[in-house]
Amino acid sequence: MTAAPPNAARYTEPILGWYDEHARDLPWRAPGATPWAILVSEIMLQQTPVARVLPVWQQWMERWPTPAALAAEPSGEAVRAWGRLGYPRRALRLHACAVAITEQHGGQVPSSYDVLRALPGIGAYTAAAVASFAYRQRHAVLDTNVRRVLARLLTGVEYPPKSQTAAEVALAESLLPHDPPTAARWAVAVMELGALVCTARTPRCVDCPVLSSCAWHRAGRPAYDGPPRRGQTYAGTDRQCRGRLLAVLRHADGPVDKPALDVVWSDPVQRERALDGLIADGLVDPLDDGRYALPS
DNA sequence: TAGCCGTGGTT
DNA sequence: TAACCAAGGCT
């Protein structure tokens, strides 16, 4: 654990002030938002932009306002209502979360980081986010936005390392305000700064409240110097094939025949591999009569 | 731990 | 236009 820099307030105070003025008015940040509403938003927001999450989150909250309400329905309904958010295994895990919360935690979303972390689909980031945003606890909430802001502001590089390092966690913890409610507000504030100003591609440095303290800016905004950060084209991949197959089931009222799946992907080898993968993941249920359905 | 897991908007 | 990117988690 790194000691808090004596001038941590140099970074925290301008960003807290900026957040007060520029925070987006998102429904899961409303005063009345329940821990469940916040948990659902966090799962949906994993690798998915806010604009696409908003309408689906609204529908989920109307239909399943509590963990018990979701737990009472088949997991396939969660997959169907997930729509085109992507990574549908998240829907399955969120349903499993609802079941675990209902059966093992009295229907209340846990407030403990360790208990949250043990739930399906909840990793280090989401556990910290829920504990912080829903319960106002003091945690280092280290997502892609925060990692990028800290990399630029304090390390002086354009992008953080590909995988999270212990040094990043120590740095994030060293900046946490001591008071838990303030730490919680700081967590959401840095994240928002990364989402709106200190963006990945074309940062809006003119609008940055800590520009004068930014190591990357001071260094002349040197370009990222390292291995390619991404890869993986989408067209023709198993992922695209899985998406097509699952879309058929989402749009069907009930079980579908095999031919209904076959028509959406021409390569039979890849199609069977993808279908087997969906079944192995629990996203598709092969029925005894040879048809296929969303899981019950 | 690196690779896998969807989808669509932006540059 | 293809590549990049988006509040990650799991194995």
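In helix α10 of this predicted model, the residues E168, A170, A172, S174 and L175 are buried, where buried denotes a relative accessible area under 20%, exposed one over 50%, and partly exposed the range in between, evaluated with a 1.4 Å probe on protein chains only. These buried residues of α10 pack against α1, α9 and α11, contact being defined as heavy atoms within 4.5 Å. Helices are DSSP runs of H or I with at least four residues and strands are runs of E with at least two, both numbered from the N terminus. Local features were considered at pLDDT of at least 70 and side-chain atom pairs at pLDDT 80 or more, whereas totals for chains, interfaces and linings include all residues. Residues are numbered from 1 along each chain as its sequence is written, chains are lettered from A and ligands numbered from 1 in the order in which they are written, and side-chain values rest on heavy atoms, with hydrogens and water left out.

The neighbouring element in this packing, α11, comprises 17 residues, for which a span of 24 Å is expected at 1.5 Å a residue, and its end C-alpha atoms are indeed 24 Å apart; the expected span is 1.5 Å times one less than the number of residues. Buried positions in α11 are A183, A184, W186, A187, V188, A189, V190, M191, E192, L193 and G194, and they pack against α1 (8–22), α8 (124–133), α9 (144–155) and α10 (166–175). Within α9 lies L150, which counts as buried because its relative accessible area is 6%. Leaving out residues up to four places away in sequence, L150 touches L142, T155, L171, A172 and L175; of these partners, A172 and L175 are among the buried residues of α10. The C-alpha atoms of L150 and P65, which are 85 residues apart along the chain, are separated by 36 Å.

Chain A as a whole contains 15 helices and two strands, and its C-alpha trace spans about 70 × 45 × 30 Å along the principal axes. Of its 296 residues, 44% are buried, and among contacts between residues at least 6 apart in sequence, 62% join residues at least 24 apart. The accessible surface, obtained by the Shrake-Rupley method with a 1.4 Å probe and, for residues, with only the protein chains shown as cover, comes to about 14,800 Å², of which 53% belongs to carbon and sulfur atoms. The mean positions of the 32 positive and 29 negative charges are 7 Å apart, with Lys and Arg taken as positive, Asp and Glu as negative, and His and the chain ends not counted; each charge is placed at NZ of Lys, CZ of Arg, CG of Asp or CD of Glu.

The largest nonpolar core, a set of buried Ala, Val, Leu, Ile, Met, Phe, Trp, Tyr and Cys residues joined through side-chain atoms within 4.5 Å, has 84 residues, of which W36, M44 and W60 touch the most other members. Helix α11 (residues 180–196) gives the most to this core, contributing eight residues. Excluding residues up to four places away in sequence, W60 touches V40, M44, P65, L70, A78, A81, W82 and L94. Among these partners, A81 is found in helix α5 and is classed as buried because its relative accessible area is 17%. Beyond its neighbours within four places in sequence, A81 is in contact with V56, W60, R63 and W64, whereas the C-alpha atoms of A81 and L153, 72 residues apart along the chain, are separated by 40 Å.

Helix α6 (residues 89–104) has 16 residues and reaches 22 Å from its first C-alpha to its last, close to the 22 Å expected. Its buried residues are R90, A91, L92, L94, H95, C97, A98, A100 and I101, and they pack against α2 (35–44), α3 (50–63), α4 (67–71), α5 (75–82) and α15 (268–281). The helix is followed by G106, whose phi is positive, near 60°.

Most residues other than glycine have a negative phi. Y87, in the loop between α5 and α6, nevertheless has a positive phi near 45°, and it counts as partly exposed because its relative accessibility is 44%. R221, located in the loop between α12 (215–218) and α13 (238–251), likewise has a positive phi, of about 50°, and is partly exposed at 35% relative accessibility.
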